[in-house]
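Good morning, colleagues. Please take a moment with the sequence and the structure before I go through its packing, its empty spaces and its aromatic rings.

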Amino acid sequence: MDRVVDLTMTYRNGIKGFSKETAKTKDKDGWNASTLTFYSHIGTHMDAPFHFNVSSQTIDEIPVSDFVGCAWVVDARDVGPKGLVTVAHISEDITKKFVAGDSLIVWTGWSQHAGTQKYRDELPRISEELAHWCIKNKVKMIGVEPPSVADVNNLDEVTKIHEILLEGVVIIEGLTNIEQLTSNCVELVALPLKIEKGDGAPARVIAIESY
C-alpha cells in the first residue's frame, strides 16, 4: 500500500511573485477561468542549468526521467538560521544504502517561516562541501525547504552553490510538509511546468511512501 504526501506550497494572492486574477466567470462567460502570473522561481519550483548559465539546458530540455526516483530524507533540523547543511548531516544509514542516481530531500523545518522575511533572508544553506558530494555521488535531485539552496543576499555564494549543483543535479526549492513523511526513503516525483527556454518553473512535488 502506498501513501502519497504533497510537498508543494500553495500559490495564493499575497505571495510576492504570484498573482491570480479573474478572467472569466460562469455567470457572465459560461465558465470560470483565471489569469495566472508567476515569477519562475517562486513557491515550490525547480531550477534549470540555464538559470546560472552552467549550460544552455532549459527546464523543458531536462529528461523527465530526472524528475522521478528514490530519495533519502536528510534530517538537518539542527541547522539554525543562516546555518550550513553539511555532509555530516547525511546519516550512516543513508550513506550505506545510497546509490548513484538517488536523490536527497533536506529536512530543516524551514517551511514554517514561509510568508515571512526570515524565510528568505535567514535561510539555512547547502554547504559547498555537500554540493560537491552531490556531484561526486551522482545525486539526481536535491530538494530543500527554503526558497534557495544558498544565501540569496550573497551573490557570490548563491552563484557558486548553484553552479556546482547544476553541473549534474536537479534543484528543487520551496518544499513543505516534509514532517509528514514517516520514512527516510521515498519515491520522489517533481514535475515542473514545461516552459520553452525556461530558466526554471513552478512544480508539483510529491513523495510516495510504500508499506
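Around the buried residues of α4, the covering elements include β6 (84-85), β7 (103-107), β8 (125-126), β9 (141-144) and α5 (155-165). I should say at once that this is a predicted model. Which residues of helix α4, residues 128-136, are buried? They are Leu130, Ala131, Trp133 and Cys134. Viewed down the axis of α4, these buried residues fall within an arc of 160°, so they line one face of the helix. The general background is that an α-helix has 3.6 residues a turn, so residues three or four places apart point the same way. After α4 comes Lys138, and its phi is positive, near 55°.

I turn now to enclosed space. How many cavities of 30 Å³ or more does a search of the whole structure find? The search finds one. The largest cavity holds about 50 Å³ of space. Its lining consists of Val85, Val106, Thr108, Pro124, Arg125, Ile126, Val144, Pro146, Ser148 and Val149. By class, that lining divides into seven nonpolar residues, two polar and one charged.

Next, the open spaces. The largest pocket contains about 830 Å³ of space. It is lined by 27 residues, and those closest to the pocket centre are Lys16, Ile42, Tyr119, Arg120 and Pro147. Which elements each supply at least two residues of this lining? They are β4 (45-47), α3 (117-121) and α5. The largest share, three residues, comes from α3. In terms of class, the lining of the largest pocket has 10 nonpolar, 12 polar and five charged residues.

The second largest pocket has a volume of about 180 Å³. The residues that line this pocket are Asp6, Thr8, Met9, Thr10, Tyr11, Phe38, Leu191, Leu193, Pro202, Ala203 and Arg204. Strand β12, residues 200-210, contributes the most, with three residues. Here the classes are seven nonpolar, two polar and two charged.

Two of the residues in that lining, Tyr11 and Phe38, bring me to the aromatic rings. A search of the whole structure finds four aromatic pairs. In one of them, Tyr11 and Phe18 are tilted, at 5.5 Å centre to centre with 50° between the planes. Is Phe18 buried or exposed? Phe18 is buried, with a relative accessible area of 9%. Phe18 also pairs with Phe38: the ring centres are 5.0 Å apart and the planes stand at 55°, so this pair is tilted. The pair of Phe18 and Phe38 links distant parts of the chain, since Phe18 lies in strand β2 (residues 18-24) and Phe38 in strand β3 (residues 33-38), 20 residues apart. Phe38 has a relative accessibility of 33% and counts as partly exposed, because that value falls in between the limits of 20% for buried and 50% for exposed. Taken together, Tyr11, Phe18 and Phe38 are linked by ring pairs into a cluster.

To close, I would return to two places on the model. One is the face of α4 lined by its buried residues, with β6, β7, β8, β9 and α5 among the elements that cover those residues. The other is the cluster of Tyr11, Phe18 and Phe38, of which Tyr11 and Phe38 also line the second largest pocket. Thank you for your attention.

Terms used:
Residues are numbered from 1 along each chain as its sequence is written. This is a predicted model: local features need pLDDT of at least 70, side-chain atom pairs count only at pLDDT 80 or more; totals for chains, interfaces and linings use all residues. Side-chain values use heavy atoms; hydrogens and water are left out. Buried means under 20% relative accessible area, exposed over 50%, partly exposed in between (1.4 Å probe, protein chains only). Helices (H or I, at least four residues) and strands (E, at least two) are DSSP runs, numbered from the N terminus. The arc is that of the directions from the helix axis to the C-beta atoms. Contact means heavy atoms within 4.5 Å. On a 1 Å grid over the protein atoms alone, a cavity is a set of points where a 1.4 Å probe fits but cannot get out, and a pocket is an open set with protein on both sides within 12 Å along at least five of seven lines; lining residues have an atom within 4 Å of a point. Grid points are joined across faces, edges and corners, and a volume is the space filled by probe spheres set on the points. Ala, Val, Leu, Ile, Met, Phe, Trp, Tyr, Cys and Pro count as nonpolar, Asp, Glu, Lys and Arg as charged, and the others, Gly among them, as polar. Rings of Phe, Tyr and Trp (its six-membered ring) pair if their centres lie within 6.5 Å; planes under 30 degrees apart count as stacked, over 60 as edge-to-face and the rest as tilted.
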